[in-house]
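Student: Please take a close look at a single part of this structure, its pocket lining, and tell me how the annotated positions relate to it. I would like one connected account, with the cysteines dealt with briefly at the start.

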Amino acid sequence: MRILLTNDDGIHAEGLAALERIARELTDDVWVVAPETDQSGLAHSLTLSEPLRLRKIDEKRFALRGTPTDCVIMGVREVLDEKPDLVLSGVNAGANMADDVTYSGTIAGAIEGTLQGIKSIALSQAYSHANGRIVPWEVAETFAPKLIRQLMDVELPDWTFFNLNFPNCAPKELQGVEVTSQGKLDFGLTIDERADGRGFPYYWLRFGERKGDFRAGTDIHAVKNHKISVTPLKLDLTDYTVLDRVKRALISEDAD
């Protein structure tokens, strides 16, 4: 099996090193194309107005001055001589659940792999902000290899991929694996206004305390209860429940 790895935290991220160790539990044919710098929050963006600079680090490891989406495109279309069997994106420092999947560069790496017709999985590791940035990478490293093997045997419809979130706990405290739906959180960003040395304003977007729908069966509920969340996500954003309603409204409008 040939695996292509990417992330949004950058080529030097601890999570990418953890993902390489996970991938090597599955195969020796592991390739890395990851961003030169942190690309968190850029979602499924492309670099169109600047050139893509590819730097070869070693035989199967490359850094790209671009987004996670750029990395997967370059990996599949330029670096590799044939498509990989699997794209793994992560392991992200911090969970990617609920509404946050729309912002995530980690999710975007899996989205692009899916668009390229490759089975793709996004992996994220939750951690606590209470005592600084201490990420329990050992949770993902312990359980991801077996889980990926199992998911490789699952037949997926076109344009569907897996989003895995590992809880913030010790491996021995894990309470199992749960197949979940995407949860819902309230908007968690605030604007922090500051002034530079000349008195001109500038702004930071800052995450604050968030509330949301923590119903059983959702990704956020599972991770909160020390379970690995496995969520199948699809790229077809059509709201089929509204199609007939819209058709009736337009037919009615035309009739009038």
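Tutor: To deal with the cysteines at the start, Cys169 has a relative accessible area of 6% and is therefore buried, since buried means under 20%. Cys71, with a relative accessible area of 0%, is buried as well, and the structure holds zero disulfides. This is a predicted model, and everything that follows should be read with that in mind.

For the setting, an unreviewed UniProt entry carries the domain annotation "Survival protein SurE-like phosphatase/nucleotidase" and assigns it to residues 3-184. Over those residues the chain is 27% helix and 26% strand, and the C-alpha atoms at the two ends are 32 Å apart.

Turning to the part you asked about, the largest pocket contains about 1,300 Å³ of space. Its lining is made up of 38 residues, and the ones closest to the centre are Ala93, Gly94, Ala95, Asp100 and His129. The elements that supply two or more residues to this lining are helix H1 (14-24), strand E5 (86-93), strand E11 (201-207) and helix H5 (219-224). By class, the lining of the largest pocket divides into 17 nonpolar, twelve polar and nine charged residues.

The annotated positions come in here, because the same kind of record bears on this lining. For "binding site", the unreviewed UniProt entry lists Asp8, Asp9, Ser40 and Asn92. These positions span 85 residues in sequence, yet no two of their C-alpha atoms are more than 9.2 Å apart, so they gather at one spot. Asp8, Asp9, Ser40 and Asn92 from this set are taken in by the lining of the largest pocket.

Two residues let us look at this region in detail. Ser40 sits in the loop between strand E2 (29-35) and strand E3 (53-58). With a relative accessible area of 39%, Ser40 is partly exposed. Once its neighbours within four places in sequence are left aside, Ser40 is in contact with Asp8 and Asp9, and both of these aspartates belong to the "binding site" list.

Ala93, one of the residues closest to the centre of the largest pocket, is found in strand E5. At 15% relative accessibility, Ala93 counts as buried. Beyond its neighbours within four places in sequence, Ala93 is in contact with Asp9, Gln125, Tyr127, Arg133, Val135 and Trp137. Asp9 is thus in the contact list of Ala93 and also in that of Ser40. As a separate reference distance, Ala93 and Ala110 are 17 residues apart in sequence and 16 Å apart in space, C-alpha to C-alpha.

The second largest pocket can be set beside this one, with about 330 Å³ of space in it. Its lining consists of 16 residues, among which Val101, Thr102, Ile111, Lys234 and Leu237 lie nearest the centre. Helix H3 (105-115) and strand E13 (228-234) are the elements that give two or more residues to the lining of the second largest pocket, and E13 gives the most, with four residues. By class, that lining has ten nonpolar, five polar and one charged residues.

To return to your request, the positions that UniProt lists as "binding site" gather at one spot, and that spot contributes Asp8, Asp9, Ser40 and Asn92 to the lining of the largest pocket.

Definitions and conventions:
Residues are numbered from 1 along each chain as its sequence is written. This is a predicted model: local features need pLDDT of at least 70, side-chain atom pairs count only at pLDDT 80 or more; totals for chains, interfaces and linings use all residues. Side-chain values use heavy atoms; hydrogens and water are left out. UniProt positions are given in the numbering used here, feature names are shortened, and annotations may be inferred rather than shown by experiment. A disulfide is a pair of cysteine sulfur atoms within 2.5 Å. Buried means under 20% relative accessible area, exposed over 50%, partly exposed in between (1.4 Å probe, protein chains only). On a 1 Å grid over the protein atoms alone, a cavity is a set of points where a 1.4 Å probe fits but cannot get out, and a pocket is an open set with protein on both sides within 12 Å along at least five of seven lines; lining residues have an atom within 4 Å of a point. Grid points are joined across faces, edges and corners, and a volume is the space filled by probe spheres set on the points. Ala, Val, Leu, Ile, Met, Phe, Trp, Tyr, Cys and Pro count as nonpolar, Asp, Glu, Lys and Arg as charged, and the others, Gly among them, as polar. Contact means heavy atoms within 4.5 Å.
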